Amino acid sequence: MNMLVRKINKGALIFSIILFWTIGTQAQPLSAFVNFQNQFQVWDNTIDRKIESLVPTKYDIGRVAIPYIDNNSNFKIYYNKGVQLINEGFTSDFVPTDNLIAYRIQNILYVWEQGKITKLSNFITNFSVGDSIVLFFDNIHSTYKAYYNKNIYDIETFLASKVSSTNSDRAIFDGQNIASGQLPVLKVSDNIAAFINYAQRFKIFYHGRLLEQEQFLIENFDVGRNIVAYVDGNQTFKVFHNGQTQEIETISPLSYKAGDDILAYVANDGYFKIFYQGDALEVGYFTPQEYLVKDNIVAFKDPSGYFKVFYKGKIYTLDAFYPNSPYKMGYNSLAYLSNSGTIRMFSDGDVYEVTSANVAEWRLDYDVLQYRFGSNMYKVFYKGKTY
């Protein structure tokens, strides 16, 4: 069912030991739904818990917590088997990730982490959130800042005039003004951020350090957990991974996409490759018509039309046909509706036939698959079992 891809370019990376968030590694699976009695329920590690008697106006699923606005407009967070009231009737929006929940009350930005609330700014224009990082523009001080590991760092502290690109191939420059709260280009992933400033320098914020990666304007870039892939001004394809940088192609790839410690790309010579654990791995001499990268998984369509995934150094065949409808990916899992109408799920190296029944809707919350029959009859599938 699976096969190894061939290594073609052994990297010289010296891997540093990364201390992951304890809370992230011990996170319990979560999901949530409204039952047939219109009660808001949380599915927490195989146990259903009623947390509200009325339907919330909005909710979302994080890996360790579930933020929601209840029927009375109160902002609350379910965490560690209990509910924490955050504020009454003022929260305008919120974004949950693996470890954090960033939320805004009008223009005031806060972050919630392990039950603790930190005010980040009294006046912000915009913000971006990763699993353990929040980047935001503080309008009061006209400074880009980052929240990481319970500390706040200055990222860009100068004001710059509007800049536009004269080279149409370098479309990553969009002429936005830092004074309005926007850098020319900014991307944030799980624990890393990369951006181009108004001096055309390419910088990376990683583990609390601001690194000047390139002093000249690059062509394009993408980010994932512990990884930044980019094409420099000389068309060289480079990867910053776990604090080290290496050149993996001398010519710009045709396309590329980053995930968690992983990078998929189509090289200029027509080979589909995956950068994983410091090596460029050759999948085959073809350009996939479709390929997606999310968290730990690369999903693609091979030349024969087969639906396959790359996961932790192996390739798994999921189906003889590429799905007609969009599939959903998250963390270690992928779920899709087969051409026969069955919900199939790949999770942590195993493939499951979840259900062939006609379901009204379904969703993937990290590694938890939730699906609904009728109006309010829910089932949860996790690690081969249905609850």
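# A guided tour of a predicted model

Begin by selecting strand β39, residues 368–373: five of its six residues are buried, so this strand is largely enclosed by the rest of the structure. The model on the screen is a predicted one.

**The neighbours of β39**

Keep β39 displayed and add β38, residues 361–365. The strands β38 and β39 are antiparallel and are joined by five bridges. To see where they face each other, select Asp 365, which stands opposite Val 368 in β39. The two strands form a hairpin with two residues between them, and Tyr 366 in the turn has a positive phi of about 60°.

Next, select strand β40, residues 377–382, which pairs with β39 in the antiparallel sense over five bridges. Here Gln 370 has Val 380 of β40 as its bridge partner. β39 and β40 also form a hairpin, with three residues between them; in this turn, Gly 374 has a positive phi of about 60°.

**The whole protein**

Now display the full chain as a cartoon. The secondary structure comes to one helix and 41 strands. Of the 387 residues in the protein, 57% are buried. Among contacts between residues at least 6 apart in sequence, 41% join residues at least 24 apart.

**The second largest pocket**

Return to Tyr 366, and select Asp 131, Asp 190, Lys 294 and Asp 295 with it; these five residues lie nearest the centre of the second largest pocket, which is lined by 26 residues. Rolling a probe the size of a water molecule over the atoms shows where empty space is left. The volume of the second largest pocket is about 450 Å³.

Which elements give two or more residues to the lining of this pocket? They are β22 (220–224), β30 (291–294), β34 (328–330) and β38 (361–365). The largest share, three residues, comes from β22. Colour the lining by class, and eleven nonpolar, six polar and nine charged residues appear.

**Strand β19**

Select β19, residues 192–196. Is this strand enclosed or open? Five of its five residues are buried, so β19 is largely enclosed by the rest of the structure. Both of its faces are covered: Ile 192, Ala 194 and Ile 196 are buried on one side, and Ala 193 and Phe 195 are buried on the other.

Add strand β18, residues 185–188, which runs antiparallel to β19 and is joined to it by four bridges. Leu 186 has Phe 195 of β19 as its bridge partner. With three residues between them, β18 and β19 form a hairpin.

Then add β20, residues 202–206. β19 and β20 pair in the antiparallel sense over five bridges, and Ala 194 stands opposite Ile 204 in β20. This pair forms a hairpin with five residues between the strands, and Gln 200 in the turn has a positive phi of about 70°.

**The largest nonpolar core**

Show the side chains of Phe 202, Phe 221, Val 228, Phe 237, Tyr 256, Leu 263 and Tyr 265, the residues with the most contacts inside the largest nonpolar core, which has 28 residues. At least two residues of this core come from each of β19, β20, β22, β23 (227–231), β24 (237–241), β26 (255–258) and β27 (262–266). β23 gives the most, with five residues.

Centre the view on Leu 263. Beyond its neighbours within four places in sequence, Leu 263 is in contact with residues including Ile 227, Phe 237, Val 239, Tyr 256 and Phe 275. Another core, of 15 residues, lies apart from the largest one; among its residues are Ile 262, Val 266, Phe 286 and Phe 310.

**Two single residues**

Select Phe 123, in the loop between β13 (116–121) and β14 (124–129). Phe 123 counts as partly exposed because its relative accessibility is 36%, a value between the limits of 20% and 50%. Its C-alpha atom is separated by 7.3 Å from that of Leu 109, 14 residues apart along the chain. Leaving aside neighbours within four places in sequence, Phe 123 is in contact with Asn 107, Phe 137, Asp 138, Asn 139 and Ile 140.

Finally, select Asn 74, found in strand β8, residues 74–79. Asn 74 has a relative accessible area of 16%, and buried means under 20%, so Asn 74 is buried. Apart from neighbours within four places in sequence, the residues in contact with Asn 74 are Tyr 68, Ile 69, Leu 85, Asn 87, Glu 88 and Gly 89.

Key
Residues are numbered from 1 along each chain as its sequence is written. This is a predicted model: local features need pLDDT of at least 70, side-chain atom pairs count only at pLDDT 80 or more; totals for chains, interfaces and linings use all residues. Side-chain values use heavy atoms; hydrogens and water are left out. On a 1 Å grid over the protein atoms alone, a cavity is a set of points where a 1.4 Å probe fits but cannot get out, and a pocket is an open set with protein on both sides within 12 Å along at least five of seven lines; lining residues have an atom within 4 Å of a point. Grid points are joined across faces, edges and corners, and a volume is the space filled by probe spheres set on the points. Ala, Val, Leu, Ile, Met, Phe, Trp, Tyr, Cys and Pro count as nonpolar, Asp, Glu, Lys and Arg as charged, and the others, Gly among them, as polar. Buried means under 20% relative accessible area, exposed over 50%, partly exposed in between (1.4 Å probe, protein chains only). Contact means heavy atoms within 4.5 Å. A nonpolar core is a set of buried Ala, Val, Leu, Ile, Met, Phe, Trp, Tyr and Cys residues joined through side-chain atoms within 4.5 Å. Two strands pair if DSSP finds at least two bridges between them.
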